[in-house]
Amino acid sequence: MLVIRLARTGRKKYPTYRIVAADSRRAAIGKFVMILGHYNPHTKELVIKKDETTKFINNGAQPSNAVIKLLQQEKIVVPEWVQLTTRNRPAKKSQPTVEAAPANDQAAETEAVAASSDESDQSAASVTEVASEHADAVAEKDEPTNQAETAASLAEDVSAAKATSEVAAEVASTEADAKPEPTDA
């Protein structure tokens with residue numbers, strides 16, 4: 001398959017590019033079929049052989065994204081099948097998700113949460129927020145069987161988080177009472 005792409009030329013730290021028609025299996029700076037123009041990004045100089053470029057595109061050569069933008073800049077009409085390809089980047093998460101710990105890890109979590117009762121209240125609140133957001137997202141879907149199951153599991157997760165925070169608060173208060181006060185010797 002033929003592609004129309006930029007091949008880097010120029011000296012070190014001063015790139016200029018050739019617009020070439022090449023085999024897609026070849027290296028970007030390797031052999032090419034024909035030079036269709038050149039582009040200097042520093043001076044914005046752009047020279048394209050319009051007739052030959054449209055001939056290659058009409059015969060099925062796929063232009064790269066950079067070449068498509070340069071062709072649009074020169075107002076060269078390209079067929080409808082020529083599309084800019086976009087990358088699927090993962091969406092940024094707005095809040096970290098908090099998951100309920102398994103039953104056998106609750107003792108370790110209780111000790112970690114006991115260090116600060118304020119943090120435990122905040123984590124329970126964040127679990128409740130996440131659970132409500134998840135329930136809202138599930139409610140938007142039209143899957144009634146999964147809604148009931150998801151709502152039940154979220155309710156269990158929220159109740160487990162609340163119970164964990166209550167236990168952590170109790171442990172923190174008992175540890176504070178049990179610690180001996182330092183004496184001066």
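I'll start with Lys 44, which is exposed, with a relative accessible area of 55%. The cut-off for exposed is over 50%, so Lys 44 is counted there on the strength of its 55%. One caution before going on: this is a predicted model.

Lys 44 sits in the loop that connects S3 and S4. Its backbone is worth a look, since phi is positive, about 65 degrees, and the residue is not a glycine. As background, most residues other than glycine have a negative phi.

There is a second case, Lys 13. Here phi is near 60 degrees, again a positive value in a residue other than glycine. Lys 13 belongs to the loop between strand S1, residues 2–11, and S2. With a relative accessibility of 73%, Lys 13 also counts as exposed.

Now to the interior. The largest nonpolar core is made up of 16 residues. Those with the most contacts inside this core are Ile 4, Ile 19, Leu 36, Leu 46, Ile 48, Phe 56 and Leu 71. Which elements each supply at least two residues of the core? Three are strands: S2 at 14–23, S3 at 34–40 and S4 at 45–48. The others are helix H1, 50–58, and helix H2, 65–73. H2 gives the most, with 4 residues.

Let me finish with one residue of that core, Ile 48. What does Ile 48 touch, leaving aside residues up to four places away in sequence? The list is Ile 19, Leu 36, Gly 37, Thr 53, Leu 70, Leu 71, Glu 74 and Ile 76. Among these, Ile 19, Leu 36 and Leu 71 were named a moment ago with Ile 48 as having the most contacts inside the core.

Notes: Residues numbered from 1 in each chain as written. Predicted model: local features only at pLDDT ≥ 70, side-chain atom pairs only at ≥ 80, totals over all residues. Heavy atoms only, no water. Core = buried A, V, L, I, M, F, W, Y, C linked by side-chain atoms within 4.5 Å. Buried < 20%, exposed > 50% of the residue type's maximum accessible area, 1.4 Å probe, protein only. Contact = heavy atoms within 4.5 Å.
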